[in-house]
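Reader: Could you go through this one with me? I would like to take it piece by piece.

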Amino acid sequence: MSAEIRFNNLGLTLPPVSAPVGNYTSAVQVGNLMYISGKAPSPVDGVMPKGKLGQRYSTADGVGFAHSACLEVLAVLKEKLGSLDKVVQVVDLHGSINAVPEFEQHAEVLDGASDLLSAVFGPAGAHVRSVIGVSSLRNGVPLTIKVIVEVRE
Amino acid sequence: MSAEIRFNNLGLTLPPVSAPVGNYTSAVQVGNLMYISGKAPSPVDGVMPKGKLGQRYSTADGVGFAHSACLEVLAVLKEKLGSLDKVVQVVDLHGSINAVPEFEQHAEVLDGASDLLSAVFGPAGAHVRSVIGVSSLRNGVPLTIKVIVEVRE
Amino acid sequence: MSAEIRFNNLGLTLPPVSAPVGNYTSAVQVGNLMYISGKAPSPVDGVMPKGKLGQRYSTADGVGFAHSACLEVLAVLKEKLGSLDKVVQVVDLHGSINAVPEFEQHAEVLDGASDLLSAVFGPAGAHVRSVIGVSSLRNGVPLTIKVIVEVRE
């Protein structure tokens, strides 16, 4: 089954591609690798989420943020490639979680993104991963993720 | 001299490959690049180390953790490639150290991993590196490292 | 216009290539990708900057540090490649800012590096980016950046 069909079957909607927050671009392809810029979750009712996990936000909130940030990445891929079916393999997912020093649920949170990649891309969604807890992020967003994928040349 | 021979001469033992902590995979190869997922140190007497450098753990402890996490990476490489001799070049090592805000010995700590890569791979172990101090990590582990290597296609 | 000509027109001077802070190397090329090790800003009057943004240093200081760290990266590229014109495309810029937990101006700070890449490389300077706020860095430096570029093989 194709990634486009799987995505449609999930009943999800891609957000509009969010603008880079600074003097950079959303994606760069070199050979068959496509790097996508770090993405935060989408705004909710027009307002960007702001705050730390373990303080303002719960682990369950974080799972939702990871899912949302992953949809932001998929929106970039769709725009740049024309179709999610051009993704050969998800390669790397790096998550940075804005959290209090006592936070420990990073793996559970980032599965919000990993589960979506798996649901959309199937076996091609299996990726390597790393996740850290950071003390601050741009504009106070609760989480950012960064993705590298292999694409058809 | 081969990496396998160098490793055996060091008198070290590879740990069993630890399971991914979440919905992802241990390694992905694209072309001649192999990405390995972030790895924490091995359990000690069946218990995962937990705590921050500059608080529960010393810099010397950290050097040992970096060495241990690097063995975890080597165990993945051995499993995926069959032999450490399939590594053409270690490319990139990124370290995230769970530390108090006053911590400054990141370089010394990460040499625990870099020295092992150098001892095992010789000139092919020379890698680029970055290291940061983070405020939290999954399950409170003191350190994670992430590695990219070039392999024979 | 070439990157070398653009750089000269900016009236800037490359610093000497700073030594790796640990057992690693400044750059590794694999295929047409060149990875450069994490770089801090240059010393000022022989002294390395030390301190956190939002505490000892302002956002404006941070912009200058990002600019300076980017010059450190360019110095490595110049040494390894012989000429900045060998850079086909800047691929990835990752910034780690040593900051207090309340800091939010990461994007503004990292534009100090992104703006320089854009000024030197023109359209080939458009890169993907991620930036995080960390609680500590080696020797207390206020910021490090890490860069990947595509080069002519």
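Author: A definition to begin with: two residues are in contact if their C-beta atoms, placed from the backbone, lie within 7 Å. This is a predicted model, in which local features need pLDDT of at least 70 and side-chain atom pairs count only at pLDDT 80 or more, while totals for chains, interfaces and linings use all residues. Residues are numbered from 1 along each chain as its sequence is written, and chains are lettered from A and ligands numbered from 1 in the order in which they are written.

Reader: Then what does B:Thr59 touch, leaving out residues up to four places away in sequence?

Author: On that count, B:Thr59 touches B:Leu53, B:Gln105, B:Glu108 and B:Val109. B:Thr59 lies in helix H2 of chain B, where helices (H or I, at least four residues) and strands (E, at least two) are DSSP runs numbered from the N terminus.

Reader: Is B:Thr59 buried or exposed?

Author: B:Thr59 is partly exposed, because 17 other C-beta atoms lie within 10 Å; buried takes 20 or more such atoms within 10 Å, exposed 12 or fewer, and partly exposed is in between, with C-beta atoms placed from the backbone.

Reader: And what do the buried residues of H2(B) pack against?

Author: They pack against strands S1 (27-30), S2 (33-39), S3 (87-98) and S5 (143-151) and helix H3 (106-121) of chain B. Among the buried residues of H2(B) are B:Phe65, B:Leu71 and B:Leu74. After H2(B) comes B:Gly82, whose phi is positive, near 85°.

Reader: Switching to chain C, in what order do the strands of the sheet come?

Author: The order is S1-S2-S5-S3-S4 in an open sheet of five strands with mixed pairing, two strands being paired if DSSP finds at least two bridges between them. S1 (27-30) and S4 of chain C stand at the edges with a single partner strand each, so one side of each has no neighbour in the sheet.

Reader: How many bridges join S1(C) to S2(C)?

Author: Four bridges join these antiparallel strands, and C:Val28 has C:Tyr35 as its bridge partner in S2(C).

Reader: Last topic: how many residues of chain C are in contact with chain A?

Author: There are 28 residues of chain C in contact with 23 residues of chain A. The elements giving two or more residues to that side of chain C are strand S3 (87-98), helix H3 (106-121) and strand S4 (128-134).
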